[in-house]
Amino acid sequence: MLDISDFRDNANVIKADHDKRGLPHDNIDEVIRLDEEWRKAVYEQSLARKERNDTAKLISEAKKSGNNDEMQKLLSNVKSLGNKIDELDKFANELKESRDMIRMSIPNVLHDDVPVGDDDEGNTLHSEHGNKPSFSFEPRTHNDLLEMNNWADLPRAAKITGSRFYFLKGDLARLEMALQSYSVDFMTKKNFTLMHPPTMMNRKAYEGVTDLTDFETVMYGVEPDGYYMIATSEHPLTAMFMDEIIEPSLLPIKLVGVSPCFRREVGAHGQSDKGIWRVHQFTKIEQIIISLPEKSWEHHEDMLQNCIDLWNSLDIHYRVVNICTGDMGTVASKKYDLEAWLPGPNEFKEIVSCSNCTDYQANRLKMRYRTPEGNSTVHTLNSTAVATSRALVAIMEQNQLEDGRIKIPDVLQPYMNGQKILEAAPF
RNA sequence: GCGACAGUCGCAUAGCCUGGUAUUGCGCAGGAUUGCUAAUCCUGUGGGUUUCACCCGCGCGUGUUCAAAUCACGUCUGUCGCGCCA
């Protein structure tokens, strides 16, 4: 959510941003109009309250001095005031709620570097890394490799849960754990603190970190408790500082979260998503930074560099793209994706998302830090380090051997007791 | 799950019984003064608005009242005890 002062003082900035995104200005104008009406209503309400407070004081004095006539007169004068205040109160609250409902739907202001484009075709190439592997045979898709080696059981997962769930089996499940341990160690060495967050969140906290439409399309609801399964550890690890005033000496706060992630994937279909590429549950190691506003762009580049270092160490061929206006969500101001090359479908596909959300989440969550001039809003950043299911796909496809077995990346071998090749599971 | 107690400004506290608009300490920031590893004193330190002022704010919500941190009801969270449990 954008700060209300941005609408009062810098509406032209938001409007220019909407022009860049190809959005109309209606919502911005409506927020400004409702805000003006709200301020008027609040002023009137405070006048009425002042009248009541003043009279209450006089009543108190009259009572003390035993002036009963005066007291009765004042009481009859002030009787109706309560209703008036209630009405003004209700009116002002309605205006504020309408204002903020629309305000919440208005996306973050984009960084100047964000390219203009209608969809992912408009994303621009930032850099390319690693060497494209060449094969003396026709490389298989990860789905074929899973079947050949019995590394995943999707039919039985569908039987007990539903489609897009899976049992990971044997060496591939072990590689999944190795990936987690390796990437956690990697991030810990960069002074990120390891966090295991709650896997469910309540509605209030969740509204602070995500686009409201996500409640319909992304998160699973848990009834009757009214909780939501987390779609990423970004959400609990950012929202954990909700309503807090952070000592500036603690900033930047750098966290590496490990958690299962749950996504409904409403509207996602297609042959290209067979196997474990797009699933309802996966494990993700996530970078989080809570930062001073003036440092956040520097941290954004640092997080990207962490990803580059990490994925280079896994010896994966990938590229970095700068996400364009049409492919950007509501919350981020700028976003890089890492896309791994998959020899099976012969495409680059998303494995990492690295975002600076500036103060958009922090405004809603009231996450502030102390300054000599008063409290000011922090910036929040998040980036995938490794989403294990997609990392496994990239490793399987790029490291496949002719017989369908997989070479384990060198840096992961110590986490596999020195094993060099993934062997098939027995069933 | 049951019972008791608790929740007050960044932290810690007083106020609650007996309703009249939040006290004190610490921390932090600014200033003054004196300079012995620093001290002392003053000021400020939740949010909002039409900002020399006013309004709101005592976990959250509702009620009673001219008036609620204070009384009543509900709810959430925490602590302790009991029960259950990996």
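Start by selecting Met195 and Gly257 in this predicted model: Gly257, in strand 9, is the bridge partner of Met195. Now widen the selection to the two strands around this pair. Strand 4 covers residues 193–195, and three bridges join it to strand 9, with the two running parallel.

**Along strand 9**

Select residues 253–262 to light up strand 9 from end to end. Is this strand mostly covered or mostly open? Mostly covered: of its ten residues, eight are buried. Next, add residues 281–291, which make up strand 10. Here the pairing is antiparallel, and ten bridges hold strand 9 and strand 10 together. For one example of this pairing, pick Val258 and look across to strand 10, where Ile285 stands opposite. While you have these strands in view, a general point may help: strands of a sheet pair through backbone hydrogen bonds, in either a parallel or an antiparallel way.

**The loop from strand 9 to strand 10**

Follow the chain out of strand 9 and stop at Glu265, which sits in the loop leading to strand 10. Its backbone deserves a look: phi of Glu265 is positive, about 55°, although the residue is not a glycine. Now show side chains and add Arg278. Which residue does Arg278 meet in a salt bridge? The partner is Glu265, at 3.1 Å from N to O. Both Glu265 and Arg278 lie in the loop between strand 9 and strand 10, so the pair ties together parts that are 13 residues apart in sequence. Arg278 has a relative accessible area of 23%, so this residue counts as partly exposed.

**Just before strand 9**

Go back along the chain to Leu251 and Pro252. The peptide bond between these two is cis, and its omega is near 0°. Pro252 belongs to the loop between strand 8 and strand 9. A little earlier in the chain, select Asp243, found in the loop between helix 11 (234–239) and strand 8. Asp243 is not a glycine, yet its phi is positive, near 60°. How exposed is Asp243? With 44% relative accessibility, Asp243 counts as partly exposed.

Another cis peptide bond is waiting at Glu223 and Pro224, this one with omega of about 10°. To place Pro224, colour strand 6 (221–222) and strand 7 (227–229): Pro224 is in the loop between them.

**A three-stranded sheet**

Now select strands 8, 14 and 15 together. These three form an open sheet in the order 8-14-15, with mixed pairing. Its edge strands are strand 8 (245–246) and strand 15 (374–377), each of which pairs on one side only. Strand 14 spans residues 368–371 and runs antiparallel to strand 15, joined to it by four bridges. To see one partner pair, click on Arg368 and then on Thr377 in strand 15.

**Charged pairs**

In general, side chains of opposite charge can pair when their charged atoms come close. The structure holds 26 salt bridges, and a few more are worth a stop. On helix 3 (residues 26–65), select Lys50 and Asp54: being four residues apart, they are separated by about one helical turn. Their side chains meet in a salt bridge, 3.2 Å from N to O. Asp54 is partly exposed, at 33% relative accessibility.

Next, show Arg156 and Asp153, another salt bridge, whose closest N and O atoms are 2.8 Å apart. What separates the two partners is their cover: Arg156 counts as partly exposed at 45% relative accessibility, whereas Asp153 counts as buried at 9%.

For a group rather than a pair, select Arg8, Asp35, Arg39, Arg99, Asp100 and Arg103, which are linked in a network of salt bridges.

**A negative patch**

Switch to a surface view. Which residues form a negative surface patch? They are Asp118, Asp119, Asp120, Glu121, Asp327 and Glu350. One of them, Asp327, comes from the loop between strand 11 (318–322) and strand 12 (334–342). Asp327 counts as partly exposed, at 30% relative accessibility.

**The whole view**

Finally, zoom out to chain A. It has 14 helices and 18 strands. Along the principal axes, its C-alpha atoms fill a box of roughly 100 × 45 × 40 Å. Of the 427 residues in chain A, 49% are buried.

How values were computed. Residues are numbered from 1 along each chain as its sequence is written. Chains are lettered from A and ligands numbered from 1 in the order in which they are written. This is a predicted model: local features need pLDDT of at least 70, side-chain atom pairs count only at pLDDT 80 or more; totals for chains, interfaces and linings use all residues. Side-chain values use heavy atoms; hydrogens and water are left out. Two strands pair if DSSP finds at least two bridges between them. Patches are made of residues with over 30% relative accessible area and no salt bridge: like charges are joined within 9 Å, nonpolar side chains (Val, Leu, Ile, Met, Phe, Trp, Tyr) within 5 Å. Accessible areas come from the Shrake-Rupley method with a 1.4 Å probe; for residues, only the protein chains shown count as cover. A salt bridge is a side-chain nitrogen of Lys or Arg within 4 Å of a carboxyl oxygen of Asp or Glu. Lys and Arg count as positive and Asp and Glu as negative; His and the chain ends are not counted. The place of a charge is taken as NZ of Lys, CZ of Arg, CG of Asp or CD of Glu. Buried means under 20% relative accessible area, exposed over 50%, partly exposed in between (1.4 Å probe, protein chains only).
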